[in-house]
Structure formats: C-alpha cells, structure tokens
Amino acid sequence: MKEIYHDYRIEYRAKGQDADSVSPELRIAMNQLYGTDLIDFGKFTDGILSYKNRYDVKTHFAPDAFTTYTKLDGNYINKMPFRKEAKEENPELADRVLMIANTIAGHLFFPCRRIDGNTINQNRGTFGKILDRVDLTLRDIKRYYDKETADYPLKSTLLRYNFFFDQFANFKEYIDHCLLQDFCDENYNVKLWQDKYGLPQTKEELVDFWKWSIDVLERRLKRIEKFANERGLFDK
C-alpha cells in the first residue's frame, strides 16, 4: 500500500471521478488491510475491475468514504447553507479534515452489490437520520449485533446484509477486523459526535464536527500505520 498520508482521491478529483470506484491503489490497500476469502475489493486489469469470485455477490466489497461536509456543492447543499462561511472562517481546519479523510483512514467498506434494495452505502447516505455519519452508522451496526428488537434507521438494510456481519462473532470482532476501534470506547460502545440524528445544524456545529473528525481519523490513521508496519504492507 501507499505511504500512510497518501491522498487516494487527488488524481480523480479534477476528473469528477470517485476514487471509491476507480482507484486501483485504494483497492489494493483495502485488500491488504481487510481482505479475506469472503471479503474481496477486486483489482483493476486493463482498466476493468474484477473480483476473485466474480459470480458471488456476497464476496464483492467497495470502499465507502468518510464524509466531511466540506464540499460547497453536491450533497446537502441546501441543508447546510452555512458551509461556505464556515470554510472561509476556518480554512486550515477545513483543509485538514479533508486531507485526513482522503487517506486510508477516511475509508470504510461494505458489500457493494444490491440485494433486494439499496446497499448499506446508499442507505446510510440517504436516510434522513444517518446522512453519511459514520458514528450513527456504527451505532446501528452495534444494535444489529445486540439483536435489538426495537426499530432503528438501518435495521432492515443491515438484516439484508447479514451474511457480512455474521462473519464476525460480535461487534468487537467486527470493529477489530475493520480497524475502527477509535470510534469506540474501551467497552466497545460507539462514541458519538452528537447523540442526535442527522447533519450539523449550525456553523458552530459544523466546525465542531470537523474537529471531532480530525481527532478520530488521526488516531485511526496511526492505528492503521502500526498495523501495516507490523505486517510489512507498505510499498518498498
């Protein structure tokens, strides 16, 4: 994999492309960190993405980027009109959160093929109570492992993808495999940015979200760096 601060999106940003879908380097890193016989991120050969088990929908996985809410266009533009002012007043902070989110630490992963509806990636980005927040996504995943009977935003979606989550005996095992420990406390309870649903509602909340994101992603990046160094995963 590339050096730890490598920006996996830089060469695709100007083209309007999504590195999650088209970056061979990102797929290589994800396979090295998380890949198993049942978790395959594919590889690009002559520009074509292929998988080891191309006919098995249950082995196909895709990176999913951490959302920083820094873009001034696209998603949520009408829901956070204060983003432009927040970036203008905090340029170094906005640049820092975007930079760290572009590294390997800013990428999660889920099954990438649709099964009886939208994928986890799609629904966590469009459901009004989640709207791309990683902390809320992980809280719902913990609810899955805890077998909560009450309803929660991603419940039906996660149940459709039970083949993935059931590879792990419990939430702790899932978190440890995915190197997501920095989103949890010592008892593997999810540490929320805010214990409420949805997007930052004010300029001040957005700035606070950026600070929280930098803290958790920098700690996760150090964890991934240690993991990769111990296993000799970095390019020579």
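Two residues are in contact when heavy atoms of each lie within 4.5 Å. The exercises below concern a predicted model.

**Exercise 1. Locate Gln181, state whether it is buried or exposed, and list its contacts beyond four places in sequence.**

Solution.
Step 1. Gln181 sits in the loop that runs between helix 10 and helix 11.
Step 2. The relative accessible area of Gln181 is 16%. The limit for a buried residue is under 20%, so Gln181 is classed as buried.
Step 3. With neighbours within four places in sequence left aside, Gln181 makes contact with Ile175, Asp176, Tyr188 and Arg223.

**Exercise 2. Describe the position and surroundings of Phe183, in the loop between helix 10 and helix 11.**

Solution.
Step 1. Phe183 has a relative accessible area of 1%, and therefore counts as buried.
Step 2. Residues up to four places away in sequence are not counted here; Phe183 then touches Phe66, Val134, Leu138, Asn189, Val190, Lys191, Trp212, Val216, Leu217 and Arg220.
Step 3. One of these contacts, Leu217, is 34 residues from Phe183 in sequence, with a C-alpha to C-alpha separation of 8.9 Å.

**Exercise 3. Determine how strand 3 and strand 4 pair, and whether their residues are buried or exposed.**

Solution.
Step 1. Strand 3 covers residues 61–65, and its pairing with strand 4 is antiparallel, over 5 bridges.
Step 2. Two positions show the register: Phe61 is opposite Pro111 of strand 4, and Ala62 has Phe110 as its bridge partner in that strand.
Step 3. In a regular strand, side chains alternate between the two faces of the sheet. In strand 3, Phe61, Pro63 and Ala65 point one way, while Ala62 and Asp64 point the other way.
Step 4. Residues on both sides of strand 3 are buried. Because 5 of its 5 residues are buried, strand 3 is largely enclosed by the rest of the structure. Strand 4 is likewise mostly covered, with 5 of 5 residues buried.

**Exercise 4. Characterise the largest cavity by its volume, its lining residues and the classes of those residues.**

Solution.
Step 1. The structure contains 1 cavity of 30 Å³ or more, and the largest cavity encloses about 40 Å³ of space.
Step 2. The lining consists of Tyr34, His107, Leu108, Phe109, Phe110, Tyr174, Cys178, Leu180 and Arg220.
Step 3. Strand 4, residues 107–111, provides the largest share of this lining, with 4 residues.
Step 4. Sorted by class, the lining comprises 7 nonpolar, 1 polar and 1 charged residues.

**Exercise 5. Identify the members of the largest nonpolar core that touch the most other members, and the element that gives the most to this core.**

Solution.
Step 1. The largest nonpolar core has 71 residues, of which Met1, Ile104, Phe164, Phe165 and Tyr174 touch the most other members.
Step 2. At least two residues of this core come from each of helix 3, helix 5, strand 4, helix 7, helix 9, helix 10 and helix 11.
Step 3. The most is given by helix 11, with 12 residues.
Step 4. Tyr174 serves as a worked case. With residues up to four places away in sequence not counted, Tyr174 touches Phe110, Leu138, Ile141, Tyr145, Phe164, Phe165, Phe168 and Leu180. Tyr174 is also among the residues that line the largest cavity.
Step 5. Helix 11 spans residues 203–231 and includes Ser213. Ser213 is buried, because its relative accessible area is 0%. Beyond its neighbours within four places in sequence, Ser213 is in contact with Phe66 and Val97.

**Exercise 6. For Asp116 and Leu179, give the phi angle, the location and the degree of exposure.**

Solution.
Step 1. Asp116 is not a glycine, yet has a positive phi of about 55°. Leu179, also a residue other than glycine, has a positive phi near 55°.
Step 2. Asp116 lies in the loop between strand 4 and helix 6, and Leu179 lies in the loop between helix 10 and helix 11.
Step 3. Asp116 has 74% relative accessibility and therefore counts as exposed. Leu179, with a relative accessible area of 4%, is buried.

**Exercise 7. Place Gly47 in the chain and state its exposure and its separation from Arg133.**

Solution.
Step 1. Gly47 belongs to the loop between strand 1 and strand 2.
Step 2. The relative accessibility of Gly47 is 65%. The threshold for an exposed residue is over 50%, so Gly47 counts as exposed.
Step 3. Gly47 and Arg133 are 86 residues apart along the chain, and 31 Å separates their C-alpha atoms.

Key
Residues numbered from 1 in each chain as written. Predicted model: local features only at pLDDT ≥ 70, side-chain atom pairs only at ≥ 80, totals over all residues. Heavy atoms only, no water. 1 Å grid on protein atoms, 1.4 Å probe; cavity = no way out; pocket = protein on both sides within 12 Å on 5 of 7 lines; lining within 4 Å. Points joined across faces, edges and corners; volume = space filled by probe spheres on them. Nonpolar A, V, L, I, M, F, W, Y, C, P; charged D, E, K, R; others polar. Buried < 20%, exposed > 50% of the residue type's maximum accessible area, 1.4 Å probe, protein only. Pairing = 2+ DSSP bridges. Core = buried A, V, L, I, M, F, W, Y, C linked by side-chain atoms within 4.5 Å.
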